[in-house]
Amino acid sequence: MPPAEPPTDWELTSGHILLTGATGFLGQAILERIVFAYPTTKVTVLIRGRGGVPAMNRLTGLARKPVFQALREQIGHEGVLTALTTRVQALEGDLSTGIPALPADITAVIHCASTVSFDPPVDQAFDVNVRGALRLYEAVAALGTRPHVVHVSTAYVSALRKGPVPEESLRHEVDWRSELAHATAARADAEQASRRPGALRAVLDTARAEHGRAGAAATARAAERARAEKVTETLVETGRLRARTLGWTDVYTLTKALGERVAEEHARSAGLRVSVVRPTIVQCALRHPYPGWFDSYKMMDPIILAYGRGQLPEFPVHPDGVIDLVPVDLVTDALLAVTANPGRPGEPSYFHVGTGARNPLTQAELHLHIRDFFDAHPLPDAEGGHVKVPLWRFPGAGKAERMLSTGERAVGLAEQTLRRLPSAVRRRSWVDHVHQETRRVRTLRRLFDLYSGYGEVEAVYTDDRLLALLRGLPPERAATDGFDVADLSWAHYLREVYVPSVTALSRRSAGRRRATPSQGALSRGRDVVAVFDLEGTVVSSNLVETYLWARLMDRPRTSWPRELASLAAAVPDLTRAERRDRGDFVRAFMKRYAGASEAELRALAHERLGSALLHRVRPEAVRRIRDHRAAGHRTVLITGTADLLLAPLDPLFDEVVATRLQVANGVLTGLLAAPPPVGEARADWTSRYAVSLGLDLGRSYAYGDSFSDRPLLELVGNPVAVNPDQRLYRYARQRAWPVEQWGTRAGGRVAAAMTALNTGPAGRSSIR
């Protein structure tokens, strides 16, 4: 194919550009370059409002982002803000829902908005990348002025072609209208399938097994969440398989290819001047806005980070395969060169922006550069040491897949084994190890599934047309905005720019632990509440032990064996109730108080039981409660224990919420006066309490030891798992919640301190 004619109208000084995707990675880079280097060029950005934030506010919010750092250093934040508000117009609209009337004087459109995920649900991918392009170009065609349309695609629309790929229209017979219709209907099909009895029964059974102890509402939420996730998984798999049956690596490249067809049809039907620009793998900046700039992790970044963390022992690529990376600023400069040089109406032009044709980087060379970097600058590990990165031997896709499958089976078996084992502190190292291995294997699977197809690409994307534009740049423009990829030094870019910028955040956060709440760490405020569980958290006892104290403390020892035998006989039923629902367990257990005198139990709690209970109070709990009160926080105790036994703990808390037993003629009936405050009932009570007092749950704290405390812990912004059972420990590790191990008992000193606290009006403590 002959190269394009040399440029004749480079300067954009009199143009008005419509830019889509301005808040994305490439869109930010384009906007910054226009504002920075073309002070007389007008820009309109199509931005949707989000979360109640208008489009203009989202635009001006960019002034604080790193992309404008260099410009801020020259003219300050106010200068950048002024430039954005005076030279850039925010047009509120959405490619997915509708585009408003466009300014009539637009001379060029740069369409770089798209979904850039490789595996989105099929309907979402088509809606943005195909239907979104359709809506935009219909609006552009309606202007009647034929502005130059620059359609940003990807080089990987050529699917799995091998060898040189010229800058030309794609050769395929796929009907984009038909594919769009089927993709749109896929969600309704998946939703209907997910609501069939068999599918609902499966997610409900799984939710009951995993979340039953947290309560019926938590189980229902988990089941519905699982159903929705299954719908998403189905739509992702539908897109992936449909793309591969048509010859593309994934639904992203398929929809980008069909988006090109939409642009081409409008070029011919409406006489638009269309240029299709196909970058390869766009990564952080080489020069501007500053070396190493990037907005968020892109395609290669998760692979580099996983390798640097020692999580990527192999990758299914060929050592001599070309990995076509290109810095984002070279793409930006190339796009603006294309924008300034429109082709002929009705005849689309095509440009590749990549390095593989004139400055190829092989997978083996890439591995050498990043391995040498991490050998010299290793990432810190969680134990305070440094990660030693593996040496890739490039075993091939088949062997790498077998290694990964073996690892998946191993961690699956380990997780099943841990679920069956009883809780024990000594097993937490096993849980941690399995958790780390599970995360590592899942990371590998995600990377393999997403990127392995690109590792098989053996195409070379020629750039003759783009090179012609480059050679026609005025010398002064080429000095600042040239985009010759042949000048790129891979050793410099990878070792001194790219990998350091990608790993900077990881280095800052590696080894960082969430601060354990303490008086020094607690922010002060009257709008904060700290909610504590009792058994296993504040005290080293449980419902059974408290019952035995109450039943046996004032009885002769000769009667103890009978009571213990009766309790032992009830254990199987109580265990089943506990597994089924914590509330069922409390109800079943409280029946054992039937026939007891309320007055005698209260007297016993005051005279003798209180001392035994205080001896079980953990010193760390007392210190933490005192810290919260010193910070001005309200303190609340929520427990399934009978309220009439808890008077000794009143001095510690502003509120005590406990199980209330039904009383008839001064005698306990064995029934409850109200539902027990366990599981999700604790979260419900805390929510109402916070509303009634104007408390901020996002700043509040909760402490619990059991998986049944999960709804309460999830309610607040600062959950803490204290001496957690195995399921809560695993869940806390997954959510990165703090885990604390508090002592087994407080001893006489804490009991004495508690007794001393029990002074003042109404027995309330002065530490309030």
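This passage walks through a seven-stranded sheet, a few helices and two single residues of a predicted model.

Residues are counted from 1 along each chain as its sequence is written, and side-chain values rest on heavy atoms, with hydrogens and water left out. Since the model is predicted, local features need pLDDT of at least 70 and side-chain atom pairs count only at pLDDT 80 or more, while totals for chains, interfaces and linings use all residues.

To start with the sheet: it is open, has seven strands in the order β3-β2-β1-β4-β5-β7-β10, and pairs in parallel fashion. Strands here are DSSP E runs of at least two residues, helices are H or I runs of at least four, and both are numbered from the N terminus; two strands pair if DSSP finds at least two bridges between them. The edges are β3 (88–92) and β10 (349–353), each pairing on one side only. From one strand to the next the twist averages 20°. Inside the sheet, β1 (residues 16–20) and β2 (residues 42–47) share five bridges in the parallel sense, with leucine 19 matched to valine 45 in β2.

Two helices lie over these strands. Helix α4 (residues 122–143) lies across β1, β4 (108–111) and β5 (148–152), and runs at about 175° to β4. Helix α10 (residues 328–339) lies across β1, β4, β5, β7 (273–279) and β10, at about 155° to β5. The axes behind such angles are lines fitted to C-alpha atoms, for helices over the stretch in contact, and the angles run from 0 to 180 degrees between N-to-C directions.

Threonine 255 sits in helix α8 (residues 251–270). Its relative accessible area is 0%, so threonine 255 is buried, a word that means under 20% relative accessible area, against over 50% for exposed and in between for partly exposed (1.4 Å probe, protein chains only). The threonine 255 side chain comes to 3.0 Å from the backbone oxygen of tyrosine 252. Apart from residues up to four places away in sequence, threonine 255 touches Ala125, Phe126, Asn129 and Val130, where contact means heavy atoms within 4.5 Å. Proline 327, in strand β9 (residues 325–327), is likewise buried at 0%. Leaving out neighbours within four places in sequence, proline 327 meets Gln283, Cys284, Ala285, Leu286, Leu488 and Tyr493.

Further along comes helix α21 (residues 619–630), whose end C-alpha atoms are 16 Å apart; that agrees with the 16 Å expected for twelve residues at 1.5 Å a residue, the expected span being 1.5 Å times one less than the number of residues. Nine of the twelve residues are buried, so α21 is largely enclosed by the rest of the structure. Among the buried ones are Glu620, Arg624, Asp627, His628 and Arg629. Just after α21, glycine 632 takes a positive phi of about 90°.

Last comes strand β18 (residues 718–722), with five of its five residues buried. Asn718, Val720 and Val722 point one way, Pro719 and Ala721 the other. Strand β17 (residues 701–704) pairs with β18 in parallel over four bridges, and glycine 704 partners alanine 721. The chain goes from β17 through helix α23 (residues 710–715) to β18 in a right-handed β-α-β crossover; right-handed says that, with the strands pointing away from the viewer, the path from the first strand over the helix to the second runs clockwise. Two bridges join β18 to the parallel strand β19 (residues 739–740), where alanine 721 partners valine 739. Here too, the crossover, through helix α24 (residues 726–735), is right-handed.

Technical notes
A polar contact is a pair of N or O atoms within 3.5 Å; within protein, one must be able to donate a hydrogen and the other to accept it, and residues adjacent in sequence count only if both atoms are side-chain atoms.
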